[in-house]
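Please take a look at the sequence and the fold below. A short report on the structure comes with them.

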Amino acid sequence: MKTKLFSMFAVVAMLLTTSCSNDETNELISGEPVTTSFKVQLPNTIGSRSQSGAKKAFADGKTATVLKYMVFDENGVRVTAIPTGEKAINLTTDVQLTLITGKKYKIVFWAANANAPYTLNETGKVTVNYEGMKANDESLDAFCRCYEFTAGTEVENPVKLYRPFAQLNVGTADMAKAVQNGFAKAAAQTKVQVSGIANELNVLTGAVSGNVDVTCDLAAIPSGETFPKAGYDYLSMDYLLVGKEAKSVVDVKWTVTDGTFNSERTFTNVPLQGNYRTNIFGNLLTSPTDFNVEIDPAFNEPDYEVPGTEVKDNNQLKKAVLEDGAVVKLAANQSFSLPSTVGDNVTIMGSTGSKIVIPTAVAWPGKSVKFQDVELAFGNGNYVGIQHAKAIKYENCKFTGVHFSYAVDAQYVGCTFTQNDGESYNVWTYGSNKISFTDCKFNCAGKSVLIYSESATLEQTATFNQCTFTASQAVEGKAAIEIDSSLGPDYDVYINNCTDSGFDNGSESHLTLWNQKKGNKTNLWVDGVQKLTRE
């Protein structure tokens with residue numbers, strides 16, 4: 001028997017599928033057992049941002065010590081032949097299951113601290129016991145995911161676990177003033193009381209249920225943690241179970257005491273949402289009426305607040321993005337045009353069914369912009385992109401057509417590129433001095449990436465980490481990554497842990513992953529080994 005390996009490596013998860021097949025076809029046979037290995041990694045982006053000697057932030061993922069998992073069929077019926085699994089986890093662990101090729105499965109993952117008050121039952125439901133819960137307890141952090149797939153097929157990349165809890169934070173900007181006035185910071189404790197909180201999560205469906213009064217009782221205020229808003233000190237942090245898809249609005253009764261000084265406040269209409277972080281902040285120790293409430297992404301890079309300004313048409317979009325620091329969310333199922341002018345440090349976020357159509361190039365000179373969860377529809381015309389930008393980051397975005405990159409610093413994280421024209425590439429690096437692709441999928445008709453510039457002075461550094469290149473057909477002489485250094489000065493190219501399928505051998509390299517078709521000005525490394533040296 002032969003073994004066939006499907007491999008898709010991701011930052012947060014990787015699925016490797018091996019199976020037996022007959023000797024003639026080396027193909028998976030429906031109904032045969034297949035060994036499926038999951039590499040599960042917990043999100044820890046906030047913790048990873050800390051530097052040596054610097055303050056850290058809550059939610060580094062390291063308090064989860066146990067991963068539990070179980071398998072259901074496509075109808076949500078537990079597969080009784082496979083027992084509930086449990087493994088130790090320290091940000092990452094491997095799980096192996098024997099499944100039946102061609103069958104659809106739902107796998108429930110639940111990761112938490114072994115001593116946390118959470119119970120996962122055999123139906124895939126988690127119950128939270130809030131009795132005796134203390135405030136400011138980072139060990140209550142937890143992660144889950146219901147992952148659906150067909151055994152023996154290639155799968156979504158990446159497979160992401162998320163936090164089902166809202167993180168409620170309270171911070172103050174007047175700690176130093178309060179201490180000068182006699183506030184005993186070292187003895188200070190806080191308490192949070194909230195009504196109408198769920199106590200059960202169905203991991204299979206993502207639905208929450210229950211309506212209980214929760215008290216996170218007095219505990220020492222957080223020490224050594226970085227509050228999400230610069231200039232504020234932590235007073236309290238708590239995890240509360242609410243729905244992931246929609247915000248809950250609650251009243252929060254909050255108490256702070258140092259044994260002598262006592263303050264009790266009620267914050268009304270506070271928004272909470274699973275996998276998001278709600279921040280209440282102000283001068284809460286000396287001017288308790290001075291405060292703000294905001295909700296922002298809990299466990300992504302906390303450089304913007306959401307939901308921001310929702311826009312429903314092009315006129316609203318054009319106006320909303322003019323302000324520096326604007327956060328704009330595209331309304332669902334709407335089509336937009338790319339504005340000709342934007343402010344600096346703007347974030348544009350997508351919604352289900354929304355997309356931006358880009359038939360011609362626009363110029364955003366010197367601007368820094370972030371796109372998150374946005375579908376960007378390009379045609380197959382040359383030189384169409386966002387020209388002269390300083391920095392653009394695309395996170396979990398979808399691209400169709402051919403995209404010309406011009407930003408001096410261009411980053412693509414978790415993006416998917418689709419191209420159905422055998423005459424066109426997914427991406428030209430073209431005007432970018434520094435460009436990187438991390439955990440990206442490239443689907444094309446034989447031509448994926450062209451590293452090329454027509455500038456004699458523009459040096460380029462291109463990096464590909466954990467990317468997958470798939471061609472529906474081969475184009476003669478074209479590898480997945482084509483390099484033309486005949487006009488540009490110097491190129492540095494790094495390719496790490498990338499895979500390709502369906503491509504022809506490159507005209508010069510005779511390899512399917514990369515090919516320098518013209519020029520000799522490239523230093524290229526593949527998995528740390530230098531393959532090309534500039535002449």
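The report covers overall make-up, cores, aromatic pairs, strand pairing and two loop residues.

**Basis**

This is a predicted model, in which local features need pLDDT of at least 70 and side-chain atom pairs count only at pLDDT 80 or more, while totals for chains, interfaces and linings use all residues. Residues are numbered from 1 along each chain as its sequence is written, and side-chain values use heavy atoms, with hydrogens and water left out.

**Overall make-up**

The protein has three helices and 46 strands. Helices (H or I, at least four residues) and strands (E, at least two) are DSSP runs, numbered from the N terminus. Of the 535 residues, 52% are buried. Buried means under 20% relative accessible area, exposed over 50%, and partly exposed in between, with a 1.4 Å probe and protein chains only. The protein exposes about 22,800 Å². Carbon and sulfur atoms supply 45% of that area. Accessible areas come from the Shrake-Rupley method with a 1.4 Å probe; for residues, only the protein chains shown count as cover. Contact means heavy atoms within 4.5 Å. Among contacts between residues at least 6 apart in sequence, 60% join residues at least 24 apart.

**Nonpolar cores**

A nonpolar core is a set of buried Ala, Val, Leu, Ile, Met, Phe, Trp, Tyr and Cys residues joined through side-chain atoms within 4.5 Å. Which residues have the most contacts inside the largest nonpolar core? They are Phe-371, Phe-464 and Phe-469, in a core of 59 residues. Strand 42 (residues 491–496) gives the largest share of this core, three residues. Another core lies apart from it and has 56 residues, including Tyr-118, Val-126, Tyr-234 and Met-237.

Phe-371 has a long contact list once its neighbours within four places in sequence are set aside. Among them are Leu-338, Ile-348, Ile-356, Trp-364 and Leu-376. Lys-393, Glu-395 and Cys-397 are also in contact with Phe-371.

**Aromatic pairs**

The structure holds 35 aromatic pairs. Rings of Phe, Tyr and Trp (its six-membered ring) pair if their centres lie within 6.5 Å; planes under 30 degrees apart count as stacked, over 60 as edge-to-face and the rest as tilted.

Take Phe-165 and Tyr-239. Their ring centres are 6.5 Å apart and their planes stand at 70 degrees, so the pair is edge-to-face. Phe-165 is in strand 11 (residues 165–172) and Tyr-239 in strand 16 (residues 233–241), so the pair ties together parts 74 residues apart in sequence. Both residues, Phe-165 and Tyr-239, are buried.

Phe-417 and Phe-437 have ring centres 6.1 Å apart and planes at 70 degrees, so this pair is edge-to-face. Phe-417 sits in strand 34 (residues 416–418) and Phe-437 in strand 36 (residues 434–438), so parts 20 residues apart in sequence are tied together. Phe-417 and Phe-437 are both buried. Ring pairs also link them into a cluster whose members include Phe-371, Phe-464 and Phe-469.

**Strand pairing**

Two strands pair if DSSP finds at least two bridges between them. An open sheet of four strands has the order 5-4-7-10, with antiparallel pairing. Strand 5 (85–88) and strand 10 (142–150) stand at the edges with a single partner strand each, so one side of each lacks a neighbour in the sheet. The twist averages 20 degrees from one strand to the next, with axes as lines fitted to C-alpha atoms and angles running from 0 to 180 degrees between N-to-C directions.

Several strand pairs are listed here, each with one bridge partner pair.

| Strands | Sense | Bridges | Partner residues |
|---|---|---|---|
| 4 and 7 | antiparallel | eight | Val-71, Ile-107 |
| 39 and 42 | parallel | six | Gln-460, Tyr-491 |
| 42 and 45 | parallel | five | Ile-495, Val-526 |
| 34 and 37 | parallel | three | Thr-418, Asn-443 |
| 37 and 40 | parallel | four | Asn-443, Thr-470 |

Asn-443 in strand 37 is the bridge partner of Thr-418, and Thr-470 in strand 40 is the bridge partner of Asn-443.

**Two loop residues**

Asn-333 has a positive phi of about 60 degrees although it is not a glycine. Asn-333 lies in the loop between strand 22 (327–330) and strand 23 (335–337). Is Asn-333 buried or exposed? At 59% relative accessibility, Asn-333 counts as exposed.

His-388 also has a positive phi, near 70 degrees, and is not a glycine. The loop between strand 29 (386–387) and strand 30 (391–395) holds His-388. With 52% relative accessibility, His-388 counts as exposed.
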